[in-house]
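Here is a set of short exercises to work through with the structure open beside you. Try each task first, then follow the solution step by step.

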Amino acid sequence: YPVWETVTSSAWYEFKAGLPGFVFEGRYRPQKLAEEIKKAFALDFPATPHACIQFNYAWYRGAARHFGGKWGVAIYGQMAPNVIPLVFPHAYDEGAAYLWFWTSDHGHHVPYPEQKSITRALRDYERRHPRTTPPENPTAHAPIAIALPYGYHLDDYVLSRDSLWRKPEVMGLDVINAAGVPYRQVLRVALLEVVDCLNRNVPFDLVYWGDGELTGYQEIRFVREDATVEVSRPK
């Protein structure tokens with residue numbers, strides 16, 4: 001069974017622990033994501049559905065690709081309305097194995113008539129865009145991997161909730177890492193790489209280095225703990 005999660009960048013650790021699949025609950029809110037990144041890193045992140053979707057999907061795809069697992073998405077009642085029509089078609093195109101709805105309670109669920117409407121639209125999209133990649137090999141192959149240091153979580157949950165970077169006494173963004181650099185600076189460098197790929201419309205995966213060889217990419221951008229970027233182009 002796949003895990004249904006709320007922390008995007010935890011996909012890597014879930015797969016490493018042995019789970020076969022990862023489904024994100026679907027809290028995609030482009031404006032909020034851009035605001036959190038601006039607040040934490042003084043960086044302009046595109047407040048668009050496409051940018052929000054690609055940033056999140058890059059974590060699932062990268063982890064699934066590395067560990068040979070499957071990934072998917074759920075449509076959540078609190079998702080930004082302008083994202084909803086795009087979530088399933090984008091996931092379908094990029095190799096998602098799971099497409100779910102949140103139906104567990106009255107505060108978060110997607111009303112059943114909307115589930116039917118969204119599903120009909122997806123079925124129509126499937127007929128017009130038949131998949132060429134079998135479900136057994138579901139992950140689309142991005143040419144670029146942006147590789148963060150192991151343990152550097154980066155998503156809207158850890159930026160906006162009482163979690164890793166919001167506890168200064170434990171692991172705040174301005175704590176100095178082993179390389180003598182604030183964690184904030186390292187994560188900002190990673191986000192600059194993300195924004196570069198988004199602006200150039202180049203598909204990318206988000207992965208971690210230090211946990212096995214990263215293979216199958218034309219280019220790997222290693223974000224080091226001293227906030228530098230080392231580019232590798234495997235032969």
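**Exercise 1. A salt-bridge network**

Task: Find the salt bridge between E219 and R221, then work out which residues belong to the network around it.

Solution.
- Step 1: Keep in mind that this is a predicted model. In it, E219 and R221 form a salt bridge whose closest N and O atoms are 2.8 Å apart.
- Step 2: Look at the surroundings of the pair: E219 and R221 are both buried.
- Step 3: Collect the partners. Through shared salt bridges, E193, D196, R200, E219, R221 and R233 are joined into one network.
- Step 4: Turn to another pair in this network. R221 also forms a salt bridge with E193, again with 2.8 Å between the closest N and O atoms.
- Step 5: Place the two on the fold. R221 sits in strand β7 (residues 219-223) and E193 in helix α8 (residues 183-199), so this pair ties together parts 28 residues apart in sequence.
- Step 6: Check the burial of this pair as well: R221 and E193 are both buried.

**Exercise 2. A salt bridge with other surroundings**

Task: Describe the salt bridge between D44 and K38, and classify each partner by its accessibility.

Solution.
- Step 1: The side chains of K38 and D44 meet at 2.9 Å, N to O.
- Step 2: D44 has a relative accessibility of 57%, and because exposed means over 50%, it counts as exposed.
- Step 3: K38 has a relative accessible area of 42%, which makes it partly exposed.
- Step 4: For the overall tally, the count comes to 17 salt bridges.

**Exercise 3. One face of a helix**

Task: Examine helix α2 and decide how its buried residues are arranged around the axis.

Solution.
- Step 1: Start with the length. The 12 residues of α2 reach 16 Å from the first C-alpha to the last, close to the 16 Å expected at 1.5 Å a residue.
- Step 2: List the buried positions, which are P30, L33, A34, E36, I37, A40 and F41.
- Step 3: Look down the axis of α2. The buried residues fall within an arc of 160°, so they line one face of the helix.
- Step 4: Ask what this set meets: the buried residues of α2 pack against α3, α6 (156-160) and α8.

**Exercise 4. Two positive phi values**

Task: Locate A42 and N201, and compare their backbone setting with the general trend.

Solution.
- Step 1: Recall the trend: most residues other than glycine have a negative phi.
- Step 2: A42 has a positive phi, near 50°. This residue comes just after α2, in the loop between α2 (30-41) and α3 (49-67).
- Step 3: A42 is exposed, at 54% relative accessibility.
- Step 4: N201 has a positive phi as well, near 55°, and lies in the loop between α8 and β6 (204-209).
- Step 5: N201 is exposed too, with a relative accessible area of 58%.

**Exercise 5. An enclosed strand**

Task: Follow the loop of N201 onward to β6, and find out how this strand is paired and how much of it is buried.

Solution.
- Step 1: Strand β5 (residues 144-149) is joined to β6 by 6 bridges, and the two run parallel.
- Step 2: Pick out one bridge: I144 has F204 of β6 as its partner.
- Step 3: Count the burial. Of the 6 residues of β6, 5 are buried, so the strand is largely enclosed by the rest of the structure.

**Exercise 6. Contacts in the interior**

Task: Trace the contacts of F101, Q115 and V87.

Solution.
- Step 1: F101 lies in strand β4 (residues 98-101) and is buried, with a relative accessible area of 17%.
- Step 2: Leaving out residues up to four places away in sequence, F101 touches W4, I75, F88, V110, Q115, I118 and T119.
- Step 3: Move to Q115, in helix α5 (residues 112-128). Q115 is buried at 12% relative accessible area, and its contacts beyond four places in sequence are F101, T103 and V110.
- Step 4: Now take the core. The largest nonpolar core has 71 residues, of which Y28, F41, V87, L148 and L154 touch the most other members.
- Step 5: With the same sequence exclusion, V87 touches Y28, I53, Y57, V73, I75 and M79.

Definitions and conventions. Residues are numbered from 1 along each chain as its sequence is written. This is a predicted model: local features need pLDDT of at least 70, side-chain atom pairs count only at pLDDT 80 or more; totals for chains, interfaces and linings use all residues. Side-chain values use heavy atoms; hydrogens and water are left out. A nonpolar core is a set of buried Ala, Val, Leu, Ile, Met, Phe, Trp, Tyr and Cys residues joined through side-chain atoms within 4.5 Å. Buried means under 20% relative accessible area, exposed over 50%, partly exposed in between (1.4 Å probe, protein chains only). Contact means heavy atoms within 4.5 Å. A salt bridge is a side-chain nitrogen of Lys or Arg within 4 Å of a carboxyl oxygen of Asp or Glu. Helices (H or I, at least four residues) and strands (E, at least two) are DSSP runs, numbered from the N terminus. Two strands pair if DSSP finds at least two bridges between them. The expected span of a helix is 1.5 Å times one less than its number of residues. The arc is that of the directions from the helix axis to the C-beta atoms.
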